[in-house]
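I am opening a notebook on a structure that is new to me. My plan is to look at how its chains meet, and then at how a single chain is put together.

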There are 4 protein chains.
Amino acid sequence: MVDVVQFIGPVLTSESMTIKVAINGYGTIGKRVADAVAAQDDMTIIGVTKTRPSFGCDLAVRKGYPLFCTFDEPSKIQAFADAGYACGGGITDLLSQCDVVIDCSPGKAGAANLERYKAAGVKWIFQGGEKHATTGMSYTSCANHTENLNAEGTRVVSCNTTGLSRTLVPLLEACGSLKVECTMIRRAADPGDSKKGPINAITPVLKVPSHHGPDVMTVRPEIDITSLAVAVPTTIMHMHAIVATLPDGHGMTTESVLNLWRQQPRVIIMNGGETGITSTAEVMEFARDIGRTWGDLHEIFVWEDGVKLEDNTLWYFQAIHQESDVVPENVDAVRALMGTEDDWKVSVNKTDAAIAAFNGLA
Amino acid sequence: MVDVVQFIGPVLTSESMTIKVAINGYGTIGKRVADAVAAQDDMTIIGVTKTRPSFGCDLAVRKGYPLFCTFDEPSKIQAFADAGYACGGGITDLLSQCDVVIDCSPGKAGAANLERYKAAGVKWIFQGGEKHATTGMSYTSCANHTENLNAEGTRVVSCNTTGLSRTLVPLLEACGSLKVECTMIRRAADPGDSKKGPINAITPVLKVPSHHGPDVMTVRPEIDITSLAVAVPTTIMHMHAIVATLPDGHGMTTESVLNLWRQQPRVIIMNGGETGITSTAEVMEFARDIGRTWGDLHEIFVWEDGVKLEDNTLWYFQAIHQESDVVPENVDAVRALMGTEDDWKVSVNKTDAAIAAFNGLA
Amino acid sequence: MVDVVQFIGPVLTSESMTIKVAINGYGTIGKRVADAVAAQDDMTIIGVTKTRPSFGCDLAVRKGYPLFCTFDEPSKIQAFADAGYACGGGITDLLSQCDVVIDCSPGKAGAANLERYKAAGVKWIFQGGEKHATTGMSYTSCANHTENLNAEGTRVVSCNTTGLSRTLVPLLEACGSLKVECTMIRRAADPGDSKKGPINAITPVLKVPSHHGPDVMTVRPEIDITSLAVAVPTTIMHMHAIVATLPDGHGMTTESVLNLWRQQPRVIIMNGGETGITSTAEVMEFARDIGRTWGDLHEIFVWEDGVKLEDNTLWYFQAIHQESDVVPENVDAVRALMGTEDDWKVSVNKTDAAIAAFNGLA
Amino acid sequence: MVDVVQFIGPVLTSESMTIKVAINGYGTIGKRVADAVAAQDDMTIIGVTKTRPSFGCDLAVRKGYPLFCTFDEPSKIQAFADAGYACGGGITDLLSQCDVVIDCSPGKAGAANLERYKAAGVKWIFQGGEKHATTGMSYTSCANHTENLNAEGTRVVSCNTTGLSRTLVPLLEACGSLKVECTMIRRAADPGDSKKGPINAITPVLKVPSHHGPDVMTVRPEIDITSLAVAVPTTIMHMHAIVATLPDGHGMTTESVLNLWRQQPRVIIMNGGETGITSTAEVMEFARDIGRTWGDLHEIFVWEDGVKLEDNTLWYFQAIHQESDVVPENVDAVRALMGTEDDWKVSVNKTDAAIAAFNGLA
């Protein structure tokens, strides 16, 4: 175990009345979701899993999250102790102690894990890397919290689908119907990934239309949406270029659309010309300036001066922090599955206030 | 004058019966257009201009293009001689010898130059960096060659507009009407430019809808088009993500659209899955493999497996070589203005065959 | 004033016994230094300056740092009130209230400011963008704290010089003499900068040897060092590739060099092979993981498995977080100038512990 | 077979008196070496190999290079015919017809291939991806042509080693001895590669000192050299930052060093300040301007104003076109092995003149 510098060290107090949450997969998303859950007074982290002793375990240890092995094989569990990490057992041991498991394992491991979760009798939440068909149920706080109440399990949709829901659902509710074309300009690798490219190219997703947009329909089927996607050489934030067609008689204006979004949780509206925030680089700098852990931005960023409604056509850009916008949604999804909060806005406010307080930003 | 290695050295023979062409501005576009003009048997390069003696002059000298000064001030002209470059005089001297001038100066110098060209009584061609309002006439070979016949002057539209015309005009002619949304993912700097960024960001063009798409209407007003644009950290090729709505009863299929484009000059259709050409990086490598000078690709590149028509909606991607797709269009525009070739397809074939032969690719 | 989300909101209590510090220039470095100073119990932020009302003022306001105008012109000061920001006056007003001013204005403004500071009778600290000749005195905590005691003013050296001092000074002190060649591979732009390039190129600094390495001699003249520098298309961290020649009879081994650095404040030694931290991307992810504000890394990062001593030659790599390694050095420099702490290590420990506590990382 | 646009179509005339050359592996290096060999009047391309029918075969077909299968299995050979490509047989068939095989297969396949070549009784040339230990003999035109005369086989060293030899060998010969430290700033992926990263990071080669520099000693053991290496997010050219220590009494000046290199074949000296060639981006643009196929630059590029000799220390930068500087060296190596030209400079001049003429640049 490497002994370095200061880590965040929240003192976690497990109370009997809180929801017991396990995180299966303590990586890019898992480490963020764990902190967001730990911040809530109605939830407790029971444990997080790693496949093997590795540098990533140190973070869990320092934060006080009990460490478990992703597998049940005794030799694999023993390996943790051999490397000097206390390990609470295998995945089965972890599942036996929790109410709900949030699966943050790498994409496509879902189907196999699902059987395990069902066998253990716990509720489960997958991430957007899994298919809707695997879970039969998907979740976004603003789109279908009510439908997910007391469900056996669900899938928190991808960062892109979450971002689209945040701006499209209120539009749909205001207008009654919506037809959308979205072009997704995607960051090709995460900031901590030095292996993936391209260095100097644009890569189209040749399966057209792409699967990204229509995934919105898993949480709000009334939105008629298709999409195209390209990957570009940047590590920070996806960009959505959106053209929405509003129904005749929509009664909206550019300004009323902006007001709708200003009232929407987890959406930030800022003016690029006035603030100098002209690209995803400055958006991320803004998130760092306001003290967000990891420099995360849970909110969707919409440029005020990049929104225009003419007749029935609405154009806008939004930037999506691919590593973090789904993090608070997982917390809300826990409450939906456990049936402890019926009102999505109440859950969202509680989630976000607790995260801010946890990070000293209240 | 730096004396290095081998330069291309075409032996230019000026004949009395050929169209006398001047290039005002021998830079990224100008150097390419000069070669394309020099390749034609019905045209002769009378001279090219530089603002001052500089390394860029060497290329003109080695290629045998007479060098002139962009300005008429004797001291500025003398500076060329002082630096060891033969200079034929100022811009007025050059204009007095030519039939048509192709203005490849940096954007926004147009209005001032236009007066000069008119005063000299020569025909003139501007590039897409100038506004349509400046020239009152615009040009793309496949869109409006006939309208430009014998005109006083014109503007060859930008690389993006040229690219859009190549695929949209035949669609329009096949279907009768067309509604288009295009998202332009633009390379942020040219390959030889080491100053401009961003290094790691996506920059939206906040003026929405952007000016890029509607520029198509300057050459073909019947195409109903809007666009959004972002800049990304790459130096090679723009990408267009296009959603076109065909009119009811269009009678087209994905395959018939592809066939339409296969017959269209200056469009290449290739299958990404079969060829391994999955991004703009491999497209540019392909251009280098087939021996194109500067690694240029005059054609628009469309991925066969990225085209899909469902009901009335057509999705496709196309890649645009920003430095070169307009180059042969300038040659065709010369013939239009001089009234020497009425049929755009005849001109295009002549232009392209001559360029290929000039570069040893025939 | 844009009203968004949660900002860090430390409650600052000004006490009469603390050192009164002004920050002239609240930008990339200034905003970080302000927080580091605010974290100390022996210092108080009297105010920070901005040239004009702008989005950057919001951060100062939210953090509770009194805002002043960089200039004294009444109209420029009034502009802040007009934009809705409380402004405490001009630079002269600010200087009249402080003991020491930390100049974090853009490079090369130093000489003019220096006169102003001297006239106001306050102590002053410049950053590494200014020349040593301007200040006549330079500072790095580990190199020359004692020399700076009670000085009128000083210059905290650049991020690169600071980084070199951290690893070279202890080596020098252990070996008696040192000859160094350093190649600096520099990030070309900061993460929040979307204007600068290059996107796809390596740019050599053609002035050879470069000024970077020899700047170390302004704080420790005994180190015989030269350097070469290139800029590369990345926004995160400089990299130093260092070859040091130790004197005969040095008595060191690879392991003893590593131990020397393990005991050195503000140096982190980690093993790339064991931790998977194989590039500057993973180093920055590590800083984010351990909860550092802005994802900063005040420490120099040295790869344990990238250090090798053979005979008299020592090779190693170190990564430098260009935006932040000098931040705590400014705090130590305040104590040196004010003569309140003679021992550099005591100051460093106090500075770093206070910053950690301030950020909830203690 | 995709039928597109114009390919280079040299008419190859096989004459009985020429050296019969096979290219095993027709990829990034192979396709370039094939053209360079085809350009020579004393050599003929007997055939090139591909592992399977693929888009890459088209280029060989269009250029008129007979196509063979990398393997001997009849089913693999038949696959070419099935895909519509004429295939001359397997590798054994190819080897039976040639005098010398140039192995351009991906790195590390060498040992297995070597046995095959020896069994076939042909001479062989490997590339720098293979180890010197595999071949026991290495080659660079300017370093050890004579030693390679009539050898059974050899290895043309890597692009980096070739580049170092070009500038260091003449220095060594002028000074008698040489001690060198080189930091290699390496492009992380080739231009046609859209898979590899990093996008935004610098990656050190933690094995220090690196293997790159010392590889020079396989062709010129007298050069005492070590190196460090990092990979950076660019696709065009490696950069070498070099510090050479000349022996006492060397008698050289900055200007005499430059003159030495000006007389050295395949080295270009240009002044960055005068030409505006300030980075690898402009160097590559220069190569495109002078009409080089694929935009290649066989020469090493040294910045005149980035060279400085002070006392015994020489600093300089050089840029290496990783895809092409070894190409003409392979041609010279063929002559060395076949014993047809004893004088390396005569071979180099013949090689380069033939390549220039072949590409219409004479």
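**Chains and their contacts**

I began with chains C and B, where 14 residues of chain C are in contact with 14 residues of chain B, contact being taken as C-beta atoms, placed from the backbone, within 7 Å. The side of chain C that touches chain B divides into six nonpolar, six polar and two charged residues; Ala, Val, Leu, Ile, Met, Phe, Trp, Tyr, Cys and Pro count as nonpolar, Asp, Glu, Lys and Arg as charged, and the others, Gly among them, as polar.

Before going further I noted that this is a predicted model, in which local features need pLDDT of at least 70 and side-chain atom pairs count only at pLDDT 80 or more, while totals for chains, interfaces and linings use all residues. Residues are numbered from 1 along each chain as its sequence is written, and chains are lettered from A and ligands numbered from 1 in the order in which they are written.

I then looked up how chain C lies relative to chain B: a rotation of 180° with 0.0 Å of shift along its axis superposes chain C on chain B, with an RMSD of 0.0 Å, the fit being by least squares on C-alpha atoms of residues with pLDDT of at least 70 in both copies. In chain C, the C-alpha nearest that axis belongs to C:Gly197, 1.9 Å from it.

**Chain B against chain A**

Here 34 residues of chain B are in contact with 34 residues of chain A. Elements of chain B that each supply at least two residues to this side include β8 (178-187), β10 (223-232) and α11 (280-289); helices (H or I, at least four residues) and strands (E, at least two) are DSSP runs, numbered from the N terminus. This side of chain B consists of 21 nonpolar, ten polar and three charged residues.

Chain B superposes on chain A by a rotation of 180° with 0.0 Å of shift along its axis (RMSD 0.0 Å). The two copies are therefore related as by a two-fold rotation axis. The same surface serves both copies, since 100% of the contact residues of chain B recur in chain A.

**Inside one chain**

Turning to chain A, I found it divided into domain 1 (19-157 + 326-358) and domain 2 (159-320), with bounds from an automatic or database domain assignment. The domain centres, taken over C-alpha atoms, are separated by 26 Å. Their contact takes 18 residues from domain 1 of chain A and 17 residues from domain 2 of chain A.

I also traced an open sheet of seven strands in chain A, in the order β3-β2-β1-β4-β5-β7-β6 and with parallel pairing, two strands being paired if DSSP finds at least two bridges between them. Its edge strands are β3 (67-69) and β6 of chain A, each of which pairs on one side only. Within the sheet, four bridges join β1 (residues 19-24) of chain A to β4 (residues 100-103) of chain A, and A:Ala22 stands opposite A:Val101 in β4(A).

My last entry concerns α7 (residues 141-148) and α13 (residues 344-358) of chain B, whose axes come within 9 Å and cross at roughly 115°; axes are lines fitted to C-alpha atoms, for helices over the stretch in contact, and angles run from 0 to 180 degrees between N-to-C directions. In this pair, B:Ser141, B:Cys142 and B:His145 in α7(B) meet B:Trp344, B:Ser347 and B:Val348 in α13(B).

Note on methods
Contact = placed C-beta atoms within 7 Å.
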